[in-house]
Each structure stands twice: as structure tokens, then as C-alpha cells.
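Student: I would like to learn how to read a model like this one. Could you take me through it step by step?

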Amino acid sequence: MKMSNWLDWQLIVSGIFIAAIAAIGVSSTSDYVVQILVLATIYAAVALSWSIAGGLGGLLLLGFISFYGIGAYTNGILFTKYGISPWINIVLAAGFAGLLGWLIAAVTLRYELSEDYFAMFTVGLSQALKIVLLNSEYFGRATGIYITIVKDDWAMMSFVSRKPYLLIALLILVVIIAASYWIQRSTFGFRLAAVRQNSRAAEALGINPVKTKIQAIIVSGALGGSVGAFYSQFVTFIDPKQVFSLATNFEMLLGAVLGGRLTLIGPILGAATLKPLQDVLRGVFGGEADALYLVLYGALLIVSCLALPKGIAFYIEKWHRKRYGNS
Amino acid sequence: MTTALAIQLLLLGLLQGGIYALVACGLTLIYGVMKVVNFAHAEFLTLGMFLAITAFQLFGLNPYTAAPFIFAIVFILGAIAQQIVIRPALRYPQINQMLITIGLSILLVGMMQLLWGPNNQVVKLSWARATFDFEIVGGEVSLSYVRLIAAVVAVAVAGLAWWILKYTRTGNAMRAAAQNPLAARLMGINVSRINLLTFGFGTGLAALSGALISPAFFVNPTFGTDYFILAAFVIVVLGTMGNFVGALVGGLIIGMAEALGGLFLGAAMRQFVSLSVFVIVLLFLPRGIFRGRMS
Amino acid sequence: MKKPKQSAVCSVSTPNSTRRATVAGMGAAIAAATLPIPASAQSKDIKVGFLLPLTGAFAEAGQLIKSAVDMAVEEINKAGGIKSIGGRLVPVYGNSSSPDEANTETNRMISTEKVSAIVGAYSSGATISSTVIAERASIPYLVPNALADEITERGLKFVFKTVPHFSQFAINGAQMVKDLSAKAKRPVKTVSLVRENNFFGNVVGKAFSAHLGKAGLELVKDNIFPTNPTSFEDIIVALKGQNPDVVFAAGEPSSITLLFQQLKELKYWPKLGWVGCGGGYTNPTVVQNLGSLAEGMLVINDWFPDINRPGSKELNERFKKRTGGKDLLGNANTTYAAVHILADALQRAASPDGAKIRDALATTRITSGPATFMYEQVTFDAKGMMPNSLLIGAQVQKGSARVVWPNSLKVAEGVWPVPAPR
């Protein structure tokens, strides 16, 4: 592993970043700080999951929250109705979400839907899922699903303190980082990049664009679903409006895009800065000044998308290139 | 369920469809010419409603008199937004464009909340609930004047817009830019100016729709997103993205489909009907019912 | 790929490891700097956290409640604060427009602001999740504005609720229409529900389905409409077919104007009357905006200014003066009362310690004082519920809601059956 290699460098820095977060969290005396760190980690994990299909794959997977929501409900239902441990549910959620990914991909890519259509389809699907769950008695309708935890139970991922949740969230993030790293180094990553840059040329090289895209969506979806499952266990109450919320959806994607969706470190950086910034801004402005918060947030979104179209990581990469030369 | 009631429901669905159509027309126009999905479209509708309320409270103008002014104001505002926000974004990847219009929508909601507050407001027209009644097949059908006027004006305006697109020079320039921006530019068409006019026009139409329906609803800053944006997107896709007539026809279809859905499946499933249409159209008729572009 | 020759410009000499550490250190510093500075623990003031939906869909209600809380806090502090401790009552506000946010804010209130108690959180979802956090931290949590039964049904020791269970809407509502009908000598049997597909609507639906039968009434149909509907035509047409004696309804303010307008448009009105349940229907802006359409509408909620209880009219006038004309409605009343109930408990606990305050709350017994504008008596049972919480029925007569049921609290006679609005 060489520092001069951009990807390796990102991996190392990500590792340090995670270690720092863990250190701050564990040593903190404030549950508030830990809470913010957990949410930031969750957003970073989702952003990075998305970036595999949405960044590396170049797919306009706009309605990503479907996977997150499916994952959340997987744990919610299996835990509260069948007493299955969240540790298992996280894996199962990845399975269900991956299945959804496969369905979406298999169905839409067959028709060679243009990008915009694909994007709208995924958004529409997320809202359709929301409505289905809102009307389903089994899934709790609008009343949602709640989890009550008052004492520690490692086997059931239930903790009184917020700190164990931070460590688990970071663990999940580590797994996703490893996945993205491995993908970027592998031939799969090469195929993704080829398809992203020029689908026809990739085909000429013998790559099957449709199959590659399907795989990318499945991977992204599965990872996103697993984060959603963890989220439901952490927040202890979910309902369709919350876990299929378009607002949340765009917030998570924004982190990935602003950070730099083609990189390993970009989505983490973007989401991890944006989410706490949001929470703190809300805390500062909150209440009557909510309108002001919205104006600032909207303006921030616009300005940063215009000023940093390739994301912050783009500039970091330029610096890295200058520092280490091309590698 | 008497026949008269069924007819009433379908007629109401048609009226609703008229409004949907006008909202969708603006959205599809913007997409057709600029290839930008304007996620902030609903906010311009809400803006139109708030302007109608202010016109009523400050000047005593009813929304129908104020409508042309509201159109003009939002046309200008839309054009400004286009220059500052959308134009620079056009050279960026799709996802950036989408996030920028989403940012615009958040910004607009915030600004409306600053200007008008978060609470519900309404245009208190004295005749807001008067109805036009007539007998049919032994039963009575009642349609509120507000809805009737709104729908008729909406369809008329959409028709006018279609005429402008087809028969005026600027309109033709818009269609040319929609089909092939590069070729249009080579032909001497100032595509930047066209984009400006298109965005202003499209958002103006949305605001106009808002003004027309304002006496019928409680308005708050998130009204547009809550009530209309999903239907608008469904219609745009159904009618083929970029196809003006498609949006018009699609609007009427969706209005009726929702009415039918409500009739047979119950009110809670109305939204489900729209979304199902959406998903099905995207899957089986991805290019919409009008395979081509702007007619 | 071969590495090209190193650039001629020398790179900075700081070794990589130190630089990385500096970056990590800076990150930590930034994180620490964005933390709000914890308040000094020196003063004797008691901090109480208030979780309210200050932004988002329920912001209007949240702001109204905040005004009520401010008024209560002012009154308490003007009268000397919490005398047994010798300090003032200091409110700390937090946003609870989503469970996520409510959790974060609860954590902030407990860890950073060091509150001694929490009051909140308006929406049931946010309350359900944030009470768990308070329980773990042994901070008492008083719920005067969220209705879910689960709040007190989970065996949590630090949670207390002053608003009734959802089932009361059905129980009290049914009793009210039966009493009114008996008086008017008109039989009442069939009921239809019209309610939104949200949390409140769902539980109201369940409550009515479960309890109407016991009251001798028949539920013809539970009509559900989606949040943010653009039309109610299907529901109204369905109602015409169901032809119930009474319609019970629940929904948010935004859908209510449309509903009533279309009721007039489609010319439907139930045989005996229309009863609105809870928040949306008691929203003063709704009643105002509906104008004559709301005439005769019956509403069930915790309290109305026009009620036969001591001090209620004066209290409402004080509130109206403070807020520029708004009535103390929509859980602003219950939360106002909650502040006084909490102050009473703090006085008896004589300590900012969570556990002591919890015990004081559990042994509350109020029969006089500020909280009696609403309640004859305030006590809590073993689960933390207030056993004598009651829902009251009022009718909109000449533009304002006047209590017509039960007999002990009424200020006017209910008009029953209710004629269709003009």
C-alpha cells in the first residue's frame, strides 16, 4: 500500500478519520456529540454505498432511499415481530435491498431507459413503496414500528449508551469503505469506469454494460439497505414518511456529490461534514428562524454544486497529484 | 352510487385534470428545451398562490384579475433564477443539475416562509363555494365555479401556449432548441435567450395555475410539493417528456384516472393510482404516449 | 504504471505521519468547537427541556405551544420561581419535527444543557423514541401533547402523560352524541369515520372500531384519505352511500377547508351532525377560514376557552393579548397546564435531581391552583397516566367553539341535529 497511490492514500486517510471519530466519540462525555457522530457516520455510509452505482457507475440512481427504507423495515419487522437479532437483520436487509436492486435494474435496463427516465423511475418507486407501506397493516401503516430498549443486550444490538452504536456504525462504514476500495482496484471497477465513460466503447471491449450496471445497482442497494437496518435499530422508531423521505434522500446524495462521488473519500467527507453542519445550523437557527435556515441551506446547496461540481475530493486529488506525482 | 354521482366524480376529475395539465405543461416545456428536470416547479406554483393572496389582501383583486400580473411577475423571477442558477449548471453532469434545482426548491420554500410565514392562508372569495348546478339522468351535479373557471382558463392558457409554440417565431425557436440545441445555434438562434424565455414561461405557467386554484385551498410554503409535484411528474412522463400536447392530454387522463381510482379503490389509493401509472408508463411506454418530441 | 520523475520543486519537508496527525487533530478541534458551550452549573435555576415541532408541518402548533409555555414560565418566575430550590424555571427549547431530530435534541438537552426534566414532544413518533432516551438517563418526561397509548404502556418509570388515550376519543365522542341525541329525542345508531392516513388518523380509526360497538353504536365504514389529498370527492360520494347518522372526522388543517368546501359542493351532510376530533379541527385558523361553513360543527378536544371551569376565560384573554388574538387551543392548553404541574412537582421535590422529581410527579395531587382551569384534579397512576383525563365536546356557534358536553362543564346547549352549513 503506497501513499503515492491516490486510492491507497484515500484508504489510509479514511482509516485515520474513522479512528479519530471513534476516539472522539468514546472519550466524549456528551451523548449529544455521540448522537451527531452516529448520524454523520450513517449518512457517510449511505453516501458511499450510493457512490458505487451513482458515482463509479455513473448511474443516475436518484431514488436511493428505497433501499434504505427497505433495510429499515427489514430490521423493524424482523426484530419486533419475530425477535430476530439486528446483527442478522443487517445481513438480511442487504439481501432484500439487493434483491430490490436487481429487480429495478433488470426491469429498467432492459428498455434502455434514458438517464432522466431512470432517475424519475427510481424516485417514483421510492414514493410508491412509501404509499404501499402507509397502507399496509402488517407494516404498521402510518403508526410505524417502534423498538423499546431500556437495558443492554449485545446479542440484540440494544444499548443504553449511544457509544456502542457509534462503534457499530463505524464498523459498517469500514466494511463499505473496504467494498468501495476493493471494487476500485478490481476488474469490476474497471468495467464500471469503462461503462460510465462510454458505454459503446466498453461494449467494443467485450464488456456487457447491462450486466455491469445491474451488478453495480445490486451492490449499492445491498449496502444502502444494511445501513438502513442499523438506522432503525438506532433511532428506535420508523415510519414510512421518515425512511422513504425524499428530503433525506437528497441530503444523503448531496453529501456524495459535494464530496466527490467518484472517489473513496469524497462521499465520506461530504456527508460527514454536511450532516453535522445541518444539525448545528438547525440548532442555531431553529424555531422561528427556520425559514432563514432553509434559505441558507438551499443557497449553500446551489452555490456548492456550482462552485464544486466535481466535489471537494477533486481538489484533494489535484493536491495529491502535485505532491506525489502521477501514479 | 347513482349515475349522476359517477358523472359528478368524473367531471370533477376532468376539472382537476385541467389544472394538472397546466402545471405539467410548464414542467415539460422546461425539460423539452433545456433538458433540465425542474424539481423546483411546485414552488413556483405555491408562489403564484401566495401572490394571489397578497393581491387579494392588499389590493382587493380577485385571483382571476390578478392572474396575468402574477404570470408576469413570476415570469421575470423565473428568468432571473434561470440566469443565476440554472444557466451555469447546464454544463455540469445531470446529477448536479438535479441537485441544484432541488436546492432552488428549498431556497424558495424558505423565502416564501420568510415573506408569508409558515401558517395556512386562504383567499377568502365570497363566492368561493358557489356551485353551478344542473340536472342529469335524474340526479343533480354540482360543480364549484372556482374549479370550473380554473380548469377552463387552464386549458385555454395551455392551448394558447401551444399555439405560441407552433406558430410564432419565438415558439418555433424554442422547439428547434428542444430538438437540437447545436443545430439551432448554428441556425442563428440565441439558445441562451431561448432558455431564459422558456424557464420564465414554464414557471410563469405554474404560478398561473396556483393563482387560479388559490380560493380552493389552504396555502402554506410546502403546498406545491405536498399536493402537486408527484402528479406533475407522472403527467410529464405519461405525455412524453418534452411534449406539450402530451402534458395537456396526460393531465386530463391523470385527473380522470385519479377520480376513477378514488371511486373504485377508495380515497387513500388515489396517489397509488398516479404512482402506478407512473411506474407502468416508465416501464412499458418509456417514451410516453406520444413517442415524439414537442408536436 | 511507471512513476514519472519527481518534480523539480521540492515538496514540503514535514513528514507524512505528522501531517496526518495534524489533520486528524484539526478535525477533532473543529468538532469540539462546534459544540455549544455547556451552561454553567453554578446557578440554582432549574432547566426544563421543551420538545416542540418548531419547524416543519406542525410548526404552527409548535409555535403556539411555545407561546403558552413562555407565558406559564413567566407567571411561575414572577411568583418567585421554584421557591423550595430558590431558583427560576428556565426553558430550553428543542425541535421535535421528526423522531431523529427529537432524539438528537433530547440528547443535547440532557448531556449539554443538563435539564432536570423534559416536556414534549407533540408527535407520537418523536415522543415514543425520545422518552426512551430520557428513561435511560433517569430524567422525568412529561407528555401533555402526544396521544399514543404506547407512551405509557412500555413500563417506563420516568414517563408521565396528561392527555388521554386515543380510545377516549371514541368513548367520550360516542357518549356525547348519545347524550345529545337522547336530549333531542332523535335516535343515533350509525357512524362513519373520515380520517387521514397518518399516525393520529390510524389510531383514531382503531379506537373507534374497537369502542363504538360497546357504546351501542355501529361503525358503518372507516373512510381513509391520503395525506395531502387534492380532492375528497370519493369520500363524500361514499358517505352519501353509507348515509350515517353521525360522521366522526380527524385530519390536518390543510385538508379541512377542501373537505368542507366539497361537502357543500356535493351537497352532503350527515343526518345528525359532524364531529371533528383533535388538533386539526380545533385549529383556530381553520375555524376562521371556514367562516360560516364551520357553523354547527362539533369538536372534541381537551379544552376550549368557553368552558365552565374557574379562570379559563381570563386565562384565554391573557393568552390572546400576548399572541395578538390567538386562542389557547391545540395542546397549547395542555402544555401550559403541564408547566404548572411540573412546577408543583419541582417545588415538592426541592431538588434538581431527576429521580426525586420523578417521585414528586408520581405523588402529584393537585386540586387547586393554575392547572385547574382544565382539570378538576391531577393525579398519576402507576403507569404514569392521568386517570381523570377527559375529552370535551364543543360546538361552533356563531363563529366560536362553546363547550356543550359534558353537562358539568358546558356553557351552552348543543344544537342537535346540526343543520347543514350555508
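**Reading the chains and their contacts**

Tutor: Happily! With 327 residues, a compact globule would have a radius of gyration near 20 Å, and chain A agrees with that at 19 Å. Do keep in mind that this is a predicted model. The C-alpha trace of chain A spans about 55 × 45 × 40 Å along its principal axes.

Student: What share of the residues in chain A is buried?

Tutor: Buried residues account for 60% of the 327 in chain A. As for secondary structure, chain A has 14 helices and 2 strands. Of the contacts in chain A between residues at least 6 apart in sequence, 78% join residues at least 24 apart.

Student: Let us turn to the contact between chains A and B. How many residues does each chain give?

Tutor: Chain A contributes 33 residues and chain B contributes 34. On the chain A side, the elements that give two or more residues are helix H5 (115-134), helix H11 (246-259) and helix H13 (290-307). Sorted by class, that side of chain A has 27 nonpolar, 4 polar and 2 charged residues.

Student: How do I check the length of a helix such as H11(A)?

Tutor: Compare its span with the rise per residue. At 1.5 Å a residue, the 14 residues of H11(A) should span 20 Å, and the end C-alpha atoms are indeed 20 Å apart. H11(A) is also mostly covered, with 12 of its 14 residues buried. Among them are A:Phe250, A:Met252, A:Leu253 and A:Leu254, and also A:Glu251. Just after H11(A), A:Gly260 has a positive phi of about 120 degrees.

Student: And what does H2(C) pack against?

Tutor: First its length: helix H2 (residues 59-78) of chain C has 20 residues and reaches 28 Å from first to last C-alpha, close to the 28 Å expected. Its buried residues include C:Leu64, C:Ile65, C:Lys66 and C:Val69. The buried residues of H2(C) pack against H13 of chain A, and within chain C against strands E1 (46-52) and E2 (89-95) and helices H9 (279-282), H11 (312-323) and H12 (332-349). Just after H2(C), C:Gly80 takes a positive phi of about 115 degrees.

Student: At what angle do H2 of chain A and H3 of chain C pack?

Tutor: Helix H2 (residues 31-56) of chain A and helix H3 (residues 99-113) of chain C pack at about 150 degrees, with axes 7 Å apart. Angles over 145 degrees count as roughly antiparallel, so H2(A) and H3(C) are roughly antiparallel to each other. A:Asp31, A:Tyr32, A:Gln35 and A:Ile36 supply the H2(A) side, meeting H3(C) residues that include C:Asn103, C:Asn107 and C:Arg108. The residues of this contact divide into 3 nonpolar, 6 polar and 2 charged.

Student: Where does A:Met157 lie, and is it buried or exposed?

Tutor: A:Met157 sits in the loop between strand E1 (145-146) and helix H6 (163-185) of chain A. A:Met157 counts as buried because it has 23 C-beta neighbours inside 10 Å. Its phi is near 45 degrees, a positive value in a residue other than glycine. For another case, look at C:Ala350, with phi near 55 degrees, in the loop between H12 and helix H13 (354-362) of chain C. C:Ala350 has 15 C-beta neighbours inside 10 Å and so counts as partly exposed.

Student: Which peptide bonds are cis?

Tutor: One of them runs from C:Gly120 to C:Ala121, with omega near -10 degrees. Another joins C:Trp405 to C:Pro406, with omega near 0 degrees. C:Ala121 lies in the loop between strand E3 (117-119) and helix H4 (124-136) of chain C, while C:Pro406 lies in the segment after strand E12 (400-405).

Definitions and conventions
Residues are numbered from 1 along each chain as its sequence is written. Chains are lettered from A and ligands numbered from 1 in the order in which they are written. This is a predicted model: local features need pLDDT of at least 70, side-chain atom pairs count only at pLDDT 80 or more; totals for chains, interfaces and linings use all residues. Axes are lines fitted to C-alpha atoms, for helices over the stretch in contact, and angles run from 0 to 180 degrees between N-to-C directions. Helices (H or I, at least four residues) and strands (E, at least two) are DSSP runs, numbered from the N terminus. Angles under 35 degrees count as roughly parallel, over 145 as roughly antiparallel, 65 to 115 as roughly perpendicular and the rest as oblique. Two residues are in contact if their C-beta atoms, placed from the backbone, lie within 7 Å. Ala, Val, Leu, Ile, Met, Phe, Trp, Tyr, Cys and Pro count as nonpolar, Asp, Glu, Lys and Arg as charged, and the others, Gly among them, as polar. The radius of gyration is taken over C-alpha atoms; the globule rule is 2.2 Å times the number of residues to the power 0.38. A residue is buried if 20 or more other C-beta atoms lie within 10 Å of its own, exposed if 12 or fewer, and partly exposed in between; C-beta atoms are placed from the backbone. The expected span of a helix is 1.5 Å times one less than its number of residues.
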